[in-house]
Amino acid sequence: MTQPSTESAVDHAVISSSSIAALDAADPLASYRDRFQLPEGVIYLDGNSLGALPRQTADRVQAVMQHEWGTGLIRSWNSADWIGAPQRVGGKIARLVGARPHEIVVADSTSVNLSKLIMAVLTARPDRTVVLSEPGNFPTDLYMVESALATLGGARQLQLAPRDTLAEQITDNTALVLLTHVHYKTADVYDMAAITAAAHAKGALVLWDLSHSVGAVPLALNDCGADLAVGCGYKFLNGGPGAPAFLFVAERHHATLVSPLGGWMGHARPFAFVDHYEPATGISRFLCGTPPILAVAALESGVDLHLEVDMQVVLQKSRALAQLFMDQVAVRCAPYGVSLVGPPPGAPRGSHVSFRHAEGYAIMQALIARGVIGDFRAPDIMRFGLTPLYLRFTDVVQAVDVLEDVLRTESWRAPEYQVRQAVT
């Protein structure tokens with residue numbers, strides 16, 4: 001698949017409708033938009049939080065319900081290979097992140113998988129007492145470290161260091177470096193290879209959170225020497241709300257790291273029903289309970305869709321969409337107090353764009369009411385996901401049209417937009 005020559009075409013904030021139409025016409029990913037169920041009158045800019053529904057997913061889940069469950073019943077654990085689903089789908093995700101098929105398994109949630117891997121590393125390395133991360137990391141990542149430290153006790157501690165000095169803070173006492181590859185607010189991207197090499201030079205391991213990376217940017221875990229990773233199934237992978245997550249453990253660590261949750265699916269012989277826990281070999285030891293088959297089937301459908309495309313093409317379009325969005329906002333919305341958060345134009349970034357405004361929450365509610373769906377992250381960030389498989393260049397310009405109008409008319413001041421909902 002050839003890459004579109006879109007980046008040079010969106011260098012200017014003032015761009016004609018014919019130029020935008022030309023970008024959409026030349027988009028090699030344009031046909032994928034029809035593969036998703038998208039409501040009429042909605043510009044969906046929140047796929048970084050919950051991916052849109054692939055049309056094929058409904059048919060896939062219906063088939064599992066009607067045939068595998070409805071007809072096959074319990075026999076489908078064998079005949080439909082339900083029992084092998086975590087490893088099978090994990091092997092597919094491995095192709096998206098540059099890992100070996102036997103290094104990834106689908107299981108549980110991102111938070112639970114973080115806890116498993118943090119505890120496994122700290123238990124295996126009792127002589128090292130520090131977990132290093134950055135302030136402002138995604139909260140659940142830090143919460144899981146705090147929980148692990150409280151459980152294990154002793155002199156272990158969580159240390160936070162700004163990203164520009166973080167590599168320098170890795171010492172011989174660091175057990176684990178825990179970082180989010182693409183920052184959930186800013187879209188800043190870590191140099192995975194460089195940070196991993198810096199940690200290894202001090203004998204530390206690195207755990208990468210790929211929740212805003214997988215399906216959004218190209219990844220090469222093995223080439224970067226990565227040790228451990230977790231990732232989310234319901235964002236760019238389009239696995240559905242609450243979709244199962246996945247975890248990666250490099251093959252060289254399989255024999256030394258053991259999950260703290262000794263559930264029966266992680267047992268070496270789960271159907272021997274013996275009293276003593278014996279961890280399985282390989283990645284399967286990080287399983288715990290029975291896999292949620294309907295949810296795994298939905299996730300597999302989203303993963304299959306991503307395996308059809310070249311991630312370099314996805315990245316190129318993502319950058320072009322971001323450039324267009326930033327250029328338009330800089331000229332049309334900056335006079336109303338909107339400012340860019342995160343990487344400047346041209347710098348590496350994830351597939352979302354964030355802007356700061358003192359009334360960001362109310363502005364986002366006004367946008368949503370008019371069919372432009374992004375989200376808000378406290379204290380003042382409006383976040384817009386750029387999902388290349390179904391977002392058009394036309395959508396970006398129209399979204400900025402609405403944003404400019406909301407700011408110009410101050411329609412965000414309406415009382416209904418001031419009320420904080422449970423989910424922002």
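## Notebook: a walk through a predicted chain

**Entry 1: Ile170.** I began with one residue, and found that Ile170 counts as buried, at 2% relative accessibility. The model I am reading is a predicted one, so I keep that in mind throughout. I looked up where Ile170 sits: in the loop between strand S6 (157-160) and strand S7 (174-180). Next I asked which residues Ile170 touches, not counting those up to four places away in sequence. My list reads Leu132, Val177, Ala198, Ala199, Lys202 and Ala204. I also checked a distance: Ile170 and Ile195 are 25 residues apart in sequence, and their C-alpha atoms are 9.7 Å apart in space.

**Entry 2: confidence.** Before going on, I looked at how sure the predictor is. The average pLDDT of the chain is 95, and 97% of the residues score at least 70. Which stretch has pLDDT under 50? I found that it covers residues 1-12. The model still has 30 contacts for that stretch, counted beyond four places in sequence. I leave those contacts alone for now, because predicted coordinates should not be read in detail where pLDDT is low.

**Entry 3: strand S9 and its neighbours.** I turned to strand S9, residues 228-231. Are its faces covered or open? Both faces are covered. On one side I noted Leu228 and Val230, on the other Ala229 and Gly231, and all of these are buried. That fits the general pattern, in which side chains of a regular strand alternate between the two faces of the sheet.

Then I looked at what lies beside S9. Strand S8 (residues 205-209) runs parallel to S9, and three bridges join them. I picked out one pair there: Leu207 has Leu228 in S9 as its bridge partner. Strand S10 (residues 246-249) runs antiparallel to S9, with four bridges between them. In this pairing I found Gly231 opposite Phe246 in S10.

**Entry 4: the loops on either side of S9.** Ser213 belongs to the loop between S8 and S9. How much relative accessible area does Ser213 have? I read 0%, so Ser213 is buried. Leaving out residues up to four places away in sequence, Ser213 touches His181, Val182 and Leu219.

Asn238 is in the loop between S9 and S10. I stopped here over the backbone: Asn238 has a positive phi of about 60 degrees, although it is not a glycine. Its relative accessible area is 6%, so Asn238 is buried.

**Entry 5: two more backbone notes.** Ala187 also has a positive phi, of about 75 degrees, and is not a glycine. I found Ala187 in the loop between S7 and helix H7 (192-201). Buried or exposed? Ala187 counts as buried, at 0% relative accessibility.

I then looked up a cis peptide bond, which joins Ala378 and Pro379 with omega at about 5 degrees. Pro379 lies in the loop between S14 and strand S15 (381-385).

**Entry 6: a charged residue inside.** Glu300 caught my eye in helix H8 (residues 293-306). The cut-off for buried is under 20% relative accessible area, and Glu300 is at 6%, so Glu300 counts as buried. What does Glu300 touch, apart from residues up to four places away in sequence? I listed Arg60, Arg88, Val89 and Lys92.

**Entry 7: the largest pocket.** I looked for open spaces next. The largest pocket has a volume of about 580 Å³. I found 31 residues in its lining, and those nearest its centre are Ser49, Tyr234, Lys235, Arg377 and Arg383. Which elements supply at least two residues each to this lining? I noted helix H5 (110-124), helix H6 (139-152), helix H10 (360-369) and strand S14 (375-377). Sorted by class, the lining has 13 polar, ten nonpolar and eight charged residues.

**Entry 8: the second largest pocket.** The second largest pocket has a volume of about 190 Å³. Its lining has 13 residues, and closest to its centre are Arg33, Leu38, Pro39, Glu40 and Arg392. I sorted this lining too: six charged, five nonpolar and two polar residues.

Note on methods. Residues are numbered from 1 along each chain as its sequence is written. This is a predicted model: local features need pLDDT of at least 70, side-chain atom pairs count only at pLDDT 80 or more; totals for chains, interfaces and linings use all residues. Side-chain values use heavy atoms; hydrogens and water are left out. pLDDT is the predictor's confidence in each residue, from 0 to 100. Contact means heavy atoms within 4.5 Å. On a 1 Å grid over the protein atoms alone, a cavity is a set of points where a 1.4 Å probe fits but cannot get out, and a pocket is an open set with protein on both sides within 12 Å along at least five of seven lines; lining residues have an atom within 4 Å of a point. Grid points are joined across faces, edges and corners, and a volume is the space filled by probe spheres set on the points. Ala, Val, Leu, Ile, Met, Phe, Trp, Tyr, Cys and Pro count as nonpolar, Asp, Glu, Lys and Arg as charged, and the others, Gly among them, as polar. Buried means under 20% relative accessible area, exposed over 50%, partly exposed in between (1.4 Å probe, protein chains only). Two strands pair if DSSP finds at least two bridges between them.
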